[in-house]
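Hi everyone, thanks for coming. I'd like to walk you through a ligand site today, so let's get the structure up on the screen.

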Amino acid sequence: MITVKSYLVGEWVSGSGAGASLFDPSTEKAIATASSEGLDLPAALTWGRTKGGANLRALTFAQRGVILKALSKAVHGARETLIECSIESGGTTRSDAKFDIDGASATLAFYAGLATKLGETTFLTEPSEQLTQSTRFVGQHVLTTRPGIALHVNAFNFPCWGLAEKLAVALLAGTPVMSKPATSTSLLTFRMVEAMVAANVLPEGALQLVCGSVRDLVEKLEPEDVLAFTGSADTGAKLRGAKSVVARSVRVNIEADSLNSAVLAPRVGPGDEVFRAFIRDVTKELTQKAGQKCTATRRIFVPRDVLDEVQAALVEELSHLKVGNPSLDEVRMGPLATAQQLADFKSGLGKLIESGAKVVLGGAERPKTIGIDDGKGYFVAPTLLVADQPDTANAVHEHEVFGPSATLMPYNDAAHAVALVARGQGGLVCSVYGDDRETLKALVHGIAPFHGRILIGSSKVADQMITPGLVLPSCVHGGPGRAGGGEELGGERGLRLYMQRTAIQGDRALIEKLFETPKA
Ligand code: NAP
């Protein structure tokens, strides 16, 4: 049995007591335990804030970039070990494991590259404003690193990328991090951080890891600290209500649930390249990581006249997909990550069905599994539902079933499609497929205020675009409303969470000297 350790105050440590058990979701065998009981987390928070903060703020962006590059290499160097660990501890296929692990190293590498561009300085500036008749007296907005620590709390579904995408941005901003992975999949995060620490490039205090509960640590955060959370809307709401957040203005970024949509524009038929791209992307989003992605498509909207064709095409694609032992090459989808996820998936489907959706493929029954003969494992089938009365199928727009399931629905016209998409009350991503510019304009303008990101699948890019669920570090990730109201990544934009914008008013020449960027 493996003991998942925490990395606190520069040491690998284990909590006391039996701890939580972590299971291989394909076999249901306990493989590890994690406990933070008895660990002095508030002391570690203070140590990170003081020691790690001072060490990082003494470095320029470019110097921090060197660290990020080395961390990226360390993750890449441990790739094979991490993939094996992901298959065993998360039930991912090899391809799904790479999505998480390579996503982590790529995001660290991206921010290393941005660091080089930002150069040998420690602050960011914005264009100056002339404040009076005199061109001499100006207001200059500058961003400097806040002297706090970032507490990062992550969801179970991306044990590597989840830590790395937040860490990359915070370290580049000069902010030390205490990261807490979801306990159920923390073995993989532990292994990745082991590789990072072994690379011996992290300044003392720059990164700490808590595996197990953080208990009431959020309440120990101080005004200069940051809380960045990814997980369910319920936990997000609880943390947003913490006294430290409400009374001490701790900055908080919440990334939560999302009922992401894919919309097929009118006048796109089965013979069209755009139609094929739409079917390809919806299939991928439904099944990649067994649908356990915050950006996975949950609602599929198509014009009423092609509903049957879309249903037939999706059923055709999905019914051939092999489910089973994720270590086998032929298997395309592994199990859900935990027994709780399996129970939630089944009860979630029940809610959708109660609200008028019908299962046309898959469902709550255990599917035929390849390479698993004993009936064990948290397996479910790719599941497609159809709700032919989308206006009254309330649960479909309100309840996120976190697994390989999506609901297909018809719409009447572009305005109706926008109204239905908006019923999700704020999402991370919406994908829109079509070529007609007028229709796309109505859809994209209507949908944009409810989303952090929109991907347009038109025929000119159908064969070269990314799938909607892929989060790239150069674009923002987050969404309004139900999605948590947060915003992460987006290149330099992401740094603003960790920095203070100050308007410096005075003599233009003097301010320019104070915030001069050293020549390379
Ligand atoms: P969760 O149950 O809300 O847990 C998320 C994290 O919060 C875990 O690390 C959990 O720790 C921790 N936590 C729970 N209660 C806490 C408390 N009182 N104080 C501090 N930390 C606390 O969510 P999940 O089941 O791991 O993740 C699935 C959800 O995440 C889905 O709804 C999905 O949509 C969402 N998600 C969103 C994004 C996004 O970017 N928007 C990305 C991925 C996932 P323990 O594991 O120790 O309980």
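**Around the ligand**

Let's start with one contact: a nitrogen atom of the ligand sits 3.0 Å from a backbone N or O atom of Ala256. Keep in mind, this is a predicted model.

Two more contacts go to ligand oxygens. In one, an N or O atom in the side chain of Lys180 is 2.9 Å from an oxygen atom of the ligand. In the other, a polar backbone atom of Ala182 is 3.4 Å from a ligand oxygen. And how much of the ligand's accessible area does the protein cover? On its own the ligand has 910 Å², and the protein covers 80% of that.

Okay, zooming out. The ligand takes up the space of the largest pocket. Strand 12 (226–230) and helix 7 (233–240) are the elements that each give two or more residues to the shell.

Who's in that shell? There are 25 residues around the ligand, and the closest are Asn154, Thr183, Ser232, Thr235 and Asp257. By type, the shell splits into 12 nonpolar, 9 polar and 4 charged residues.

Last bit: where does the ligand lie relative to the domains? Domain 1 (2–256 + 486–514) gives residues to the shell, and domain 2 (260–472) does too, so the ligand lies between them.

That's my tour, happy to take questions.

Definitions and conventions
Residues are numbered from 1 along each chain as its sequence is written. This is a predicted model: local features need pLDDT of at least 70, side-chain atom pairs count only at pLDDT 80 or more; totals for chains, interfaces and linings use all residues. Side-chain values use heavy atoms; hydrogens and water are left out. A residue is near a molecule or strand if one of its heavy atoms lies within 4 Å of it. A polar contact is a pair of N or O atoms within 3.5 Å; within protein, one must be able to donate a hydrogen and the other to accept it, and residues adjacent in sequence count only if both atoms are side-chain atoms. Accessible areas come from the Shrake-Rupley method with a 1.4 Å probe; for residues, only the protein chains shown count as cover. On a 1 Å grid over the protein atoms alone, a cavity is a set of points where a 1.4 Å probe fits but cannot get out, and a pocket is an open set with protein on both sides within 12 Å along at least five of seven lines; lining residues have an atom within 4 Å of a point. A molecule sits in a cavity or pocket if more than half of its atoms lie within 2 Å of its grid points. Helices (H or I, at least four residues) and strands (E, at least two) are DSSP runs, numbered from the N terminus. Ala, Val, Leu, Ile, Met, Phe, Trp, Tyr, Cys and Pro count as nonpolar, Asp, Glu, Lys and Arg as charged, and the others, Gly among them, as polar. Domain bounds come from an automatic or database domain assignment.
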